Amino acid sequence: MTRPRDPNWMALAGRAVEATWAELPPAIHEVAVEIPVLLFEKLPQRFLDEGLEPDTLGLFEGGDLGQEDHPGQARIFLFLENLVDFVDGDESRFLEEVRVTLLHELGHLLGLDEDALLNRGLD
């Protein structure tokens, strides 16, 4: 019996990022497309060394729009292995979770805290 080929998670995540950005209102889209989204197959050791939880799905790094020194260094990280594990390898759920995680991290850029993100269903 042949085993089905695993999806190309990196390519799927890239398409999900593009689709998510395309759905944003114009004013937010204009800001969002300037923020690099870095896709990692695994959570890099440096993040673990900094105290990030091993099952973290995504991370926003940088200042929010309300800060004067904002986003010169802002970026979003998505950790694909953790996303795949979170959805038990289900491709359609993976695409949705990439979208939700990306919007969650974008919310931090917009100055939203964890409670505000939770209230918007982006937990």
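In the predicted model, His 104 is situated in helix H5. With a relative accessible area of 10%, His 104 is classed as buried, because this value falls under the 20% limit applied to buried residues. The side chain of His 104 is engaged in a polar contact with the side chain of His 108, at 3.2 Å.

Helix H5 spans residues 91-109 and includes Glu 91. In contrast to the buried His 104, Glu 91 is partly exposed, its relative accessibility being 37%; this assignment follows because the value lies between the 20% and 50% cut-offs. Glu 91 also contributes to a negative surface patch, in which it is joined by Asp 85, Asp 88 and Asp 90.

Among the members of this patch, Asp 88 was examined further. Asp 88 is located in the loop that connects helix H4 (80-86) and H5. A relative accessibility of 67% places Asp 88 in the exposed class, since exposed residues are those over 50%. The backbone of Asp 88 adopts a positive phi of about 55°, although the residue is not a glycine. Most residues other than glycine have a negative phi.

At the level of the whole chain, 6 helices and 3 strands were assigned. Their order from the N terminus is α-α-β-α-β-β-α-α-α. The chain comprises 123 residues, of which 39% count as buried; His 104 is one of the residues in the buried class.

Technical notes. Residues numbered from 1 in each chain as written. Predicted model: local features only at pLDDT ≥ 70, side-chain atom pairs only at ≥ 80, totals over all residues. Heavy atoms only, no water. Patch = residues over 30% accessible without salt bridge, like charges linked within 9 Å, V, L, I, M, F, W, Y side chains within 5 Å. Areas by Shrake-Rupley, 256 points an atom, 1.4 Å probe, with all protein chains shown as cover. Salt bridge = Lys/Arg side-chain N within 4 Å of Asp/Glu carboxyl O. Lys, Arg positive; Asp, Glu negative; His and termini not counted. Charge placed at Lys NZ, Arg CZ, Asp CG, Glu CD. Helix = DSSP H or I, 4+ residues; strand = E, 2+ residues; numbered from the N terminus. Buried < 20%, exposed > 50% of the residue type's maximum accessible area, 1.4 Å probe, protein only. Polar contact = N/O pair within 3.5 Å; in protein donor to acceptor, adjacent residues only side chain to side chain.
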